Protein chains: 2
Amino acid sequence: MLRDVTIPLEPAEHLGGSATNDGVDGDDGSHRAVRSDAQRNHHRIVVAAREVFALQGSDASMVSIAHRAGVGAGTLYRHFPHRIDLVEAVYRVDVEELAVAAESAVRDLAPWEALRDWLDSFLRYSLGKRVFLTELRESFEKNPELKLRSRERVEQSFALVLENAQRAGVARTDIDGSDLMLLVGGMCTGPTLVGAQGERLLAMVLDGLRVTP
Amino acid sequence: MLRDVTIPLEPAEHLGGSATNDGVDGDDGSHRAVRSDAQRNHHRIVVAAREVFALQGSDASMVSIAHRAGVGAGTLYRHFPHRIDLVEAVYRVDVEELAVAAESAVRDLAPWEALRDWLDSFLRYSLGKRVFLTELRESFEKNPELKLRSRERVEQSFALVLENAQRAGVARTDIDGSDLMLLVGGMCTGPTLVGAQGERLLAMVLDGLRVTP
DNA sequence: ATATTAAGTGGACGAAGATTCCGTTTACTG
DNA sequence: CAGTAAACGGAATCTTCGTCCACTTAATAT
């Protein structure tokens, strides 16, 4: 996938950042366009990072990523001031897919089935994207003030499917989306999780979630 | 496997590694007793670590702990070859308390109440001992082969209260102690957990856990 | 007491990684 | 083509982990 869906790029003005200006020149008009080599390097770094993360896990060093991308450390840090920025760039597409899946589930399925199916998608996703969830968790742990876009996007999806089920009267109303994300996300980032175990636990959580008839 | 019941609280032994020469070796006969300064330093390091962890959180450096204990880095590493060994030593008492609480709950309460109460204790404990759970999780993530005694002790407690309820027919039988620990522990190590949220989620988990009448 | 000796000590040291700094290069613009 | 700001890259710095080893000391033997 080289040219992916044009993700609505945001002004990117959260703290310190403005790092992930994704190659596309926003026609502000007042300043120069983004240089072509910068665009190219940005892309190469993301690709290299994806490869290295897949290969070495989440303890890959920044310099090794820079080296594989064929750029210097300074260049990497110019584009991604913090490690988490790079991680977010790598997994942006996946997160977007999850969010879209939540929306289609809500649109196409009955409320309870939408909730169940999307949680199941999330679970299967987690099993493959442990690196991402781990990194996310760790940066958030280190600095809870940090607003992580991908995190918020996922939280929105949790809220979407849950509130949809709550409005339909099939899910208990004393918990909210971030509660549920804490529970399911926490279990999915557990280092010991294996496939069948996740399904068992998810079934139990769904039983606890369903409104008692 | 039977495990030796640790009668004394502060024998100067090493954890981890392969040398599981545990506790006060009674009649090895051939070697010297533990030197008094070694014993003293062991204790001072644990005390210093407790203070530093409480003060700086889990990202406290080993050298800063060594310095506060008034010993060199080498001494610290002699006593605690890995960071997790130190963490376990610091929180050993707390873990033991939890385990004892599980046993008394099972002894003194009805099965379901024992399960509920102990999970609640675990939750309240987690809120205060975030450092411990985080460290535990991280070392386990880095090396899943590692056998961590405190982790096993907690897992045993989960299994105890759960299986007790299952035998009494009040808890679903398709999950086991480590499943439950993954779920509840995962949620408790979440960086965003706050008091009321934990209680809400725990109530839900208990609903999902209770056998449907 | 004193000598012996193995265990214990502490800080210097090297590896490794994160992040910054800055002289040089390069792609746009006029 | 020249001017310029942006981007580059890698050397330099900083921090922490963990090891090593020459020296010290407490327990034991004499």
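**Figure 1. Helices of both chains form the surface near DNA strand C.** H1 and H3 of chain A, together with H1 and H3 of chain B, each supply at least two residues of the surface near DNA strand C. The model is predicted: local features need pLDDT of at least 70, side-chain atom pairs count only at pLDDT 80 or more, and totals for chains, interfaces and linings use all residues, while side-chain values use heavy atoms, without hydrogens and water. Residues are numbered from 1 along each chain as its sequence is written, with chains lettered from A and ligands numbered from 1 in the order in which they are written. Helices (H or I, at least four residues) are DSSP runs numbered from the N terminus. H3(B) gives the largest share of this surface, five residues. A residue is near a strand if one of its heavy atoms lies within 4 Å of it. By that criterion 22 residues surround DNA strand C. The closest are Arg35(A), Ser36(A), Arg35(B), Asn41(B) and Arg78(B). The surface divides into five nonpolar, nine polar and eight charged residues. Here Ala, Val, Leu, Ile, Met, Phe, Trp, Tyr, Cys and Pro count as nonpolar, Asp, Glu, Lys and Arg as charged, and the others, Gly among them, as polar.

**Figure 2. Chain B meets a base and phosphates of DNA strand C**. A side-chain N or O atom of Arg35(B) is 2.6 Å from a base nitrogen of DNA strand C. His79(B) places a polar side-chain atom 3.2 Å from a phosphate oxygen. Gly72(B) uses a backbone N or O atom, 3.3 Å from a phosphate oxygen. Of the atoms of DNA strand C within 4 Å of the protein, 67% belong to sugar or phosphate; the rest belong to bases.

**Figure 3. The protein surface near DNA strand D.** 24 residues surround DNA strand D. The closest are Arg35(A), Asn41(A), Thr75(A), Arg35(B) and Ser36(B). Sugar and phosphate make up 63% of the strand D atoms that come within 4 Å of the protein. A polar side-chain atom of His79(A) lies 3.2 Å from a phosphate oxygen of DNA strand D. For Asp37(A), a backbone N or O atom lies 3.3 Å from a phosphate oxygen of this strand. The side chain of Tyr77(B) has an N or O atom 3.5 Å from a phosphate oxygen of DNA strand D. H3(A) gives the most to the surface, with five residues. Seven nonpolar, nine polar and eight charged residues make up the surface.

**Figure 4. Two chains related by a two-fold axis**. A rotation of 179 degrees, with 0.1 Å of shift along its axis, superposes chain B on chain A (RMSD 0.2 Å). That is the relation of a two-fold axis. The fit is by least squares on the C-alpha atoms of residues with pLDDT of at least 70 in both copies. In chain B, the C-alpha of Gly208(B) is nearest the axis, 1.7 Å from it. 100% of the interface residues of chain B are also interface residues in chain A, so the copies meet through the same surface.

**Figure 5. Leu180(A) in the largest nonpolar core**. A nonpolar core is a set of buried (under 20% relative accessible area, 1.4 Å probe, protein chains only) Ala, Val, Leu, Ile, Met, Phe, Trp, Tyr and Cys residues joined through side-chain atoms within 4.5 Å. The largest has 115 residues. Leu180(A) and Leu180(B) have the most contacts inside it. Leaving aside neighbours within four places in sequence, the contacts (heavy atoms within 4.5 Å) of Leu180(A) include Phe158(A), Leu162(A), Val205(A) and, from chain B, Met204(B).

Technical notes
Buried means under 20% relative accessible area, exposed over 50%, partly exposed in between (1.4 Å probe, protein chains only). A polar contact is a pair of N or O atoms within 3.5 Å; within protein, one must be able to donate a hydrogen and the other to accept it, and residues adjacent in sequence count only if both atoms are side-chain atoms.
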